[in-house]
Amino acid sequence: MSGGRRRSGGGGRAPRVSPARLVAAEVLLAVRESDAYANLLLPTRIARAGLSEADAGLATELTYGTLRMSGYYDRIIAIAADRPVDRIDPAVLDVLRLGTHQLLATRVPTHAAVNESVDLVRAMGAPAASGFVNGVLRGISRVSADAWAARVREAADGPDDALAALSSHPAWVVRALRKALAHEHRADELDDLLAADNAAPAVNYAVLGGADAPGPATLGERDRFSPIGFTATGGDPTRALEGHDGRVRVQDEGSQLAALALTRARPVRAGERWLDLCAGPGGKTAVLAAEARGGGATLEANEVVPARAQLVRRALEGVDEGVEVHERDGRAFGEDRAGAFDRILLDAPCTGLGALRRRPEARWRKSPEDVSALTTLQTELLDSAIGALAPGGLLAYVTCSPHTAETRSIVRQALRRHDDVERADVHAVLGDVALHPLDLTGEPGEAQLWPHRHGCDAMFIALLAKREPAASVGSQA
Ligand SMILES: C[S@@+](CC[C@H](N)C(=O)[O-])C[C@H]1O[C@@H](n2cnc3c(N)ncnc32)[C@H](O)[C@@H]1O
């Protein structure tokens, strides 16, 4: 049976599948077969199918919920089907995961969840599996959600495996998150963090140039921390962006704070030169551009992937189209532009383990091997950024991952290699930037934000300052 077959119909009555479920199933298929990103593909598929607002909401809930929780659902399906999930056809497994999500995590009535799944598996071109899908989902529906959790816990291979299964995270990710929290003596927050990863994030807006201008109040509520941020209280986010001349962008509050930690750490002197070294797709570049403009600084941006560099240019539309956007390997800047910049943002390529709420499939795509490849790149980019920093300049090292190998280890090792660089007190900087006190723990040279504690992505922010060279003996003389 091929995982790619779909919508070829089959024997028996013609399948009548709700368009929302069909869109969800098609996105799951594209995520699995073509490595598609659900957050990028889903809006396109919703628009193409012409879904109503209610159906679009259902398709989103089904797609995101199923992708996030598939690790947990697979444990349930394996028990109910009495076979490992890798012995189930992938297309059929998609339908079973969607059905399980409807049965255990939504208000969809049992008969609708089961019957629609049977129709869906036919519509996806696997009519022979309709009896199997019917049987497995009926079996799942006969047990309460709490009782399933107990069964999965019992079947797990020890406490770590149970936590990984119930929270639907890979075990290595659970261990990495626990370790990061333990560094702050907050390992007891792990359950809250895992739960936050499985919740839909609020939509946040950044208002470029400051949130106090008239108009933005219609965006929702002021953010708790970001001085330029709002949290949507409902409605269509794309509509909310209209009528603000490009000044309003959808952006996570943690990303806003990371950019502002660099731009507001000290007053901007006119003529300062700024660099965004790894800029694509340009969310933070836009904040930097607005802040640079306000203070009379000049910004350059760089992104190695041309298509993403194009997104950076688009992000700058309406803010500052004069920003030069390079398409180079950021590792070359340390030599080619040595000492050229007063402030540099290095928002490094990373595993993205801090943004699992937004990228529901990401947790299943990453592996510990990715961490080691990325830490090599992060190290080289940080060396390059330090090289490009002018004496007296300030560098923000940022990741949307809390994995300590990508965060504190990278910074510590860089400090050992570069004795002209020291950490600045980023807790104090963020304390000044934020509207309300941030509950930050650990060393003041590094700040780790968290979804469960701060309501934003788990951004890591370190500020590094390059010392002015000591006056030489000759010049003293
Ligand atoms: C975390 S993302 C940056 C996100 C961006 N700051 C924003 O807020 O929209 C990291 C970016 O670094 C880029 N990148 C990866 N390797 C790079 C390299 N060697 N030089 C420059 N950019 C690189 C990736 O393509 C990716 O767009």
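Q: What is the bridge partner of Ala-206 in S3?
A: In this predicted model, Gly-229 of S3 is the bridge partner of Ala-206. Strands here are DSSP runs (E, at least two residues; helices are H or I, at least four), numbered from the N terminus. Residues are numbered from 1 along each chain as its sequence is written. Because the model is predicted, local features need pLDDT of at least 70 and side-chain atom pairs count only at pLDDT 80 or more, while totals for chains, interfaces and linings use all residues.

Q: What makes strand S1 and strand S3 a pair?
A: Two strands pair if DSSP finds at least two bridges between them. Strand S1 (residues 204-207) and strand S3 (residues 229-231) are joined by 3 bridges and run antiparallel, so the criterion is met.

Q: Why are strand S2 and strand S4 called edge strands?
A: The open sheet has 4 strands in the order S2-S3-S1-S4, with antiparallel pairing. Strand S2 (221-222) and strand S4 (248-250) each pair on one side only.

Q: Why does Cys-400 count as buried or exposed?
A: A residue is buried if 20 or more other C-beta atoms, placed from the backbone, lie within 10 Å of its own, exposed if 12 or fewer, and partly exposed in between. Cys-400 has 27 C-beta neighbours inside 10 Å and therefore counts as buried.

Q: Where is Cys-400 found, and for what does UniProt list Cys-400?
A: Cys-400 lies in the loop between strand S9 (389-399) and helix H18 (408-417). The unreviewed UniProt entry lists Cys-400 for "active site"; such annotations may be inferred rather than shown by experiment.
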